[in-house]
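Me: I have a structure here and some labels I want justified. Can you take them one by one?

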Amino acid sequence: MQVVFLNQCCILGYDRLFFSLSLFISIKFLQMNTEVAPLSERITPKEHSPLVLKMTRQKGQVVFIWGESCCGQKKDGPQTAPQRVCSEEFLAVVRSLGWKLSIARAPQVFKPSPKIVEKGVNCYEPFSVFATCENVRQKVAAAHDAGAFPMLVGGDHCLAMGSIAASLERQPNLGVIWFDAHADINTPLTSPSGNMHGMPLAALMNLRDIQKAPGFEHRYPILKPERVAYIGLRDVDDGEKRLINEMGLSCAFNMDDLKRYGMKELVKQVLKKLCPTGTEPIHLSFDVDGMDPAEAPSTGTPVADGVRLHEALEMIQYIRATGCLYSMDVVEVNPSLGTEEDAEVTITNAQLVMAHTLGYTTTKAKL
Ligand SMILES: [Mn+2]
């Protein structure tokens with residue numbers, strides 16, 4: 001498969017618009033009108049997915065790991081997202097789906113980083129990033145050890161280093177689906193911004209260049225390039241394109257691919273690659289900027305012409321239906337950006353993504 005990067009407009013059909021709007025309005029309406037039956041009462045047990053049934057029978061426990069940090073980039077705000085995303089109303093919906101839940105806070109660890117680094121090395125706050133990710137790794141590891149499903153709520157995307165490391169330690173064959181507008185495979189030598197939220201995959205794969213980051217010490221199992229698949233790409237730096245080709249990351253779907261083949265076919269291809277026997281564990285790293293800015297406006301690096309909410313939810317349902325989802329991140333919500341309405345739209349849509357992962361369904365999706 002050729003890796004092709006094209007920026008293409010996503011044509012928004014009226015039916016899709018209506019679907020997205022109706023989801024949004026139904027949640028908003030529930031928030032505003034107490035006379036309407038709460039979301040929890042409108043969900044019937046038979047709508048549970050195989051994963052939820054399996055997990056409910058075995059353990060039925062989800063841990064929301066609050067990645068309350070922002071050090072992987074330079075904008076203030078992502079550290080406030082977990083508390084807002086995990087609102088009381090949202091948690092009530094999760095309980096109604098049959099899950100027991102708990103919250104594990106993983107606050108940012110501040111560590112001064114050296115100001116002067118090697119020439120050509122561009123890396124912002126690496127000591128804080130690695131220390132914070134270690135904090136996240138421990139929380140995700142504890143959730144796994146308790147037999148629970150860990151869901152990291154960021155925070156910025158650098159935290160995926162911690163969550164994926166914890167899952168890889170337990171499942172060396174872990175497949176990672178990276179849902180994102182960006183490839184996040186920069187190194188301190190290729191990164192234009194120096195922001196480490198654009199470097200987690202390079203760190204997890206232990207690429208030679210990432211080893212230049214001050215404080216970097218890879219002590220986790222290495223994520224193999226053939227165990228990674230991208231969906232939603234549309235803003236990939238030149239250095240990243242080179243790395244993607246060099247590393248043989250052939251399962252990299254951009255918006256043009258989505259437009260041409262549709263989400264069902266993309267997920268089919270991704271699962272064929274990462275989950276060929278239907279038993280391999282999967283980690284989904286969901287960056288809200290993979291979605292269109294109309295549906296996730298409050299995020300640090302929005303990119304036009306993204307995945308629509310209903311397509312993202314379709315993806316989630318196909319992945320969930322495998323019963324192989326082992327861990328997940330939902331990152332890059334920044335409630336401080338844009339208007340309050342922008343923040344609410346972004347938070348609501350992040351909640352919908354999480355709720356659908358845990359068995360909330362509004363549509364039927366079968367592969
Ligand atoms: Mn990202």
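Me: This is a predicted model. Start with helix H10 (residues 309-321) and helix H11 (residues 340-357). What makes H10 roughly parallel to H11?

Reply: Their packing angle is about 20°, with the axes 9 Å apart. Angles under 35 degrees count as roughly parallel. Therefore H10 is roughly parallel to H11. The crossing of the two is right-handed.

Me: Which residues make that contact, and how do they divide by class?

Reply: H10 supplies Leu309, Ala312, Leu313, Ile316, Gln317 and Arg320. H11 supplies Asn349, Leu352, Val353, His356 and Thr357. By class, the contact of H10 with H11 has 6 nonpolar, 4 polar and 1 charged residues.

Me: H10 also meets helix H9 (residues 255-274). Why is H9 called roughly parallel to H10?

Reply: The axes of H9 and H10 cross at roughly 30° and come within 10 Å. The cut-off for roughly parallel is under 35 degrees, so H9 and H10 get that label. This crossing, too, is right-handed.

Me: What makes up the contact of H9 with H10?

Reply: Met263, Lys264 and Val267 come from H9. Glu311, Glu314, Met315, Tyr318 and Ile319 come from H10. They divide into 5 nonpolar, no polar and 3 charged residues.

Me: Now helix H5 (residues 126-145) and H6. Why is H5 called oblique to H6?

Reply: Their axes cross at roughly 40° and come within 7 Å. Roughly parallel needs an angle under 35 degrees, and roughly perpendicular starts at 65. The angle falls between those limits, so H5 is oblique to H6. The crossing is right-handed.

Me: Which residues of H5 and H6 touch?

Reply: On H5, the contact includes Cys133, Glu134, Asn135, Val136 and Arg137. Val140, Ala141 and His144 of H5 belong to it as well. On H6, Met161, Gly162, Ser163, Ala165, Ala166, Ser167, Glu169 and Arg170 take part. The contact residues of H5 with H6 divide into 7 nonpolar, 5 polar and 4 charged.

Me: Where does H6 sit on the strands?

Reply: H6 (residues 160-170) lies across strand S3 (149-154), S4, S7 and strand S8 (325-331). H6 runs at about 175° to S8. Angles over 145 count as roughly antiparallel, so that value falls in the roughly antiparallel range.

Me: What is the order of the strands in the sheet?

Reply: The 8 strands form an open sheet, S2-S1-S3-S8-S7-S4-S5-S6, with parallel pairing. On average, neighbouring strands are turned by 15° against each other, direction ignored.

Me: What makes S2 and S6 edge strands?

Reply: Strand S2 (100-107) and strand S6 (252-254) each pair on one side only.

Me: How do you know that S4 pairs with S7?

Reply: Strand S4 (residues 175-179) is joined to strand S7 (residues 282-287) by 5 bridges. Pairing takes at least two bridges, so S4 and S7 pair. The two run parallel. Trp178 stands opposite Ser285 in S7.

Me: What makes the peptide bond between Gly154 and Gly155 stand out?

Reply: That bond is cis, with omega about 10°. Gly155 is in the loop between S3 and H6.

Me: What is notable about Asn206?

Reply: Asn206 has a positive phi, near 60°, in a residue other than glycine. Asn206 is in the loop between helix H7 (200-204) and strand S5 (228-233).

Me: Where does pLDDT stay under 50?

Reply: Over residues 1-59. For the protein, the mean pLDDT is 85, and 82% of residues reach 70 or more.

How values were computed
Residues are numbered from 1 along each chain as its sequence is written. This is a predicted model: local features need pLDDT of at least 70, side-chain atom pairs count only at pLDDT 80 or more; totals for chains, interfaces and linings use all residues. Helices (H or I, at least four residues) and strands (E, at least two) are DSSP runs, numbered from the N terminus. Axes are lines fitted to C-alpha atoms, for helices over the stretch in contact, and angles run from 0 to 180 degrees between N-to-C directions. Two residues are in contact if their C-beta atoms, placed from the backbone, lie within 7 Å. Angles under 35 degrees count as roughly parallel, over 145 as roughly antiparallel, 65 to 115 as roughly perpendicular and the rest as oblique. A crossing is left-handed if the near helix is turned anticlockwise from the far one by less than a right angle, and right-handed if clockwise. Ala, Val, Leu, Ile, Met, Phe, Trp, Tyr, Cys and Pro count as nonpolar, Asp, Glu, Lys and Arg as charged, and the others, Gly among them, as polar. pLDDT is the predictor's confidence in each residue, from 0 to 100.
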